[in-house]
Amino acid sequence: MSFNIRATKGLKTMLCKIGDVEVWRILEIHAPFMNPEELFPTAGPDVRAIIENLVPGSIDPNSGRLILPIQGFLLKTPSHNILVDSCVGNDKTNQNHAAWHQRSDGRFMAALKAADVGTHEIDYVLCTHLHVDHIGWNTQLEDGRWVPTFPNARYLMPKDDEETQRLQNSNAYVESVLPVVEAGQVELVEAGHKLGDHVTLFPTPGHTPGHVSVLVKSGGKEAVITGDALHTTAQCQHPDWHFKFDADADLAVKSRRSLLEHCSETSSLVLGSHFALPSIGHVKADNGKFRWEERDLVSRIVSGFDR
Ligand SMILES: [Zn+2]
């Protein structure tokens, strides 16, 4: 298996430290999602075998579906607490995916608490894009009304995604975006935007029109949070695979390649928003393609990184 019990069940998970910035995993769901054939429609008939080979254990043997962690990342910088993506949330309308519909679950909040951060202490919520599994905890139900979960936070959202969702008037918009807009807590941003001294938004449009990945820099080190520019580490070898939920699949391929190039050239630590646990490693250039090298959690714990 490519993950250990501690990584799967442990809530208190500081994944790494980038200079002065602590990066914590805020895991909400670790469950089978959909069949690989459906998720990667252009990958050919061998897609299941290819993923099994490259990412052992990432396909659930019972259901045959790809296991997709749903997680955010908490960045504790010297000056701010920044939550990157807020997962599915509770009580949300998700008619297209029953397991995400009107959930009532404490795991996300427990993970935040384990990182010693209360909802009042989040300074920024940074949305890589505005899909339902990245914005759910933006809001919560209070006396039948959706209110921002993080009362003191500025919420940074990609401008083009906000426009798309607003025009569709989707449930996601009404439940997880509009209440934050109405509370005056939203800042619409574009790629290149800098948040404090350590965080920059990297353009990866395609999955959604305004999709961004997140660069974290401190002390001469860099980490990259992928967002949904990739969904499995197998896409390092196969960046050209289309993904079922990409708005513009060809543009997504271009963005995926440019992100992979950046990660390999800078030797950045890579944090995959949906990568199989432990979701952390490096991208290496490999004969015109790329390959994934997982970072070993056990050695990190032994070396005292975790706590
Ligand atoms: Zn996603």
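The paragraphs below lead through this structure, beginning with its sheets and ending with its metal site and its cysteines.

The model is predicted, and for that reason local features need pLDDT of at least 70 and side-chain atom pairs count only at pLDDT 80 or more, while totals for chains, interfaces and linings use all residues. Residues are numbered from 1 along each chain as its sequence is written, and side-chain values use heavy atoms, with hydrogens and water left out.

A good place to begin is the open sheet in which 7 strands follow the order 1-2-3-4-5-8-9 with mixed pairing. Strands here are DSSP runs of E with at least two residues, helices are runs of H or I with at least four, and both are numbered from the N terminus; two strands pair if DSSP finds at least two bridges between them. Strands of a sheet pair through backbone hydrogen bonds, either parallel or antiparallel. The edges of this sheet are strand 1 (14-18) and strand 9 (186-189), each of which pairs on one side only, and from one strand to the next the twist averages 25 degrees. Such angles run from 0 to 180 degrees between N-to-C directions, with axes fitted as lines to C-alpha atoms, for helices over the stretch in contact.

Strand 2 (residues 21-32) pairs with strand 1 in the antiparallel sense over 4 bridges. In the hairpin that these two strands form, 2 residues lie between the strands, and Gly19 takes a positive phi near 55 degrees. Across this pairing, Ile18 stands opposite Val21 of strand 2, and Cys16 stands opposite Val23 of strand 2. Strand 2 is also joined to strand 3 by 10 bridges, the two running antiparallel, and here Pro32 has Ile67 in strand 3 as its bridge partner. Strand 2 is mostly covered, since 9 of its 12 residues are buried, where buried means under 20% relative accessible area, exposed over 50% and partly exposed in between (1.4 Å probe, protein chains only).

Two helices can be followed against these strands. Helix 6 (residues 159-168) lies across strand 8 (154-158) and strand 9, running at about 80 degrees to strand 8. Helix 4, for its part, belongs with the sheet described above: 7 strands form that open sheet, and helix 4 (residues 107-114) packs on the sheet, touching strand 2, strand 3 (67-76) and strand 4 (81-84), with a direction that makes about 160 degrees with that of strand 2.

Another open sheet has 7 strands in the order 10-11-12-13-14-15-16, again with mixed pairing. Its edge strands are strand 10 (194-195) and strand 16 (289-294), each pairing on one side only. Within this sheet, strand 12 (residues 212-218) and strand 13 run antiparallel and are joined by 5 bridges, and Val216 stands opposite Ala223 in strand 13. Trp292 lies in strand 16 and is buried, with a relative accessible area of 16%. Leaving aside neighbours within four places in sequence, Trp292 is in contact (heavy atoms within 4.5 Å) with residues that include Thr233, Cys236, Phe275 and His282.

The structure also holds a zinc ion, whose protein donors are Asp133 (OD), His134 (NE2), Asp228 (OD) and His274 (NE2), lying 2.1 to 2.2 Å from the ion. Donors are N, O and S atoms within 2.8 Å of the metal (3.2 Å for Na, K and Ca), and water is not among the atoms, so sites may look incomplete. The angles among the 4 donor atoms span 85 to 161 degrees, and the site is irregular. His134 lies in helix 5 (residues 132-135) and Asp228 in the loop between strand 13 (221-225) and helix 9 (249-266), so this pair ties together parts that are 94 residues apart in sequence. Both His134 and Asp228 are buried. Asp228 is also among the residues touched by Ser273, which lies in the loop between strand 14 (269-271) and strand 15 (280-286) and counts as buried at 1% relative accessibility.

Finally, the structure holds 0 disulfides, a disulfide being a pair of cysteine sulfur atoms within 2.5 Å. The structure has 0 disulfides, and Cys16 is accordingly in none, with the nearest cysteine sulfur, that of Cys263, 13 Å away. Cys16 is buried, with a relative accessible area of 1%. The sulfur of Cys236 lies 8.3 Å from the closest cysteine sulfur, in Cys263, which is too far for a bond, and Cys236 counts as buried at 0% relative accessibility.

Methods: Tetrahedral: all angles 85-135°; square planar, octahedral: opposite > 155°, others 65-115°.
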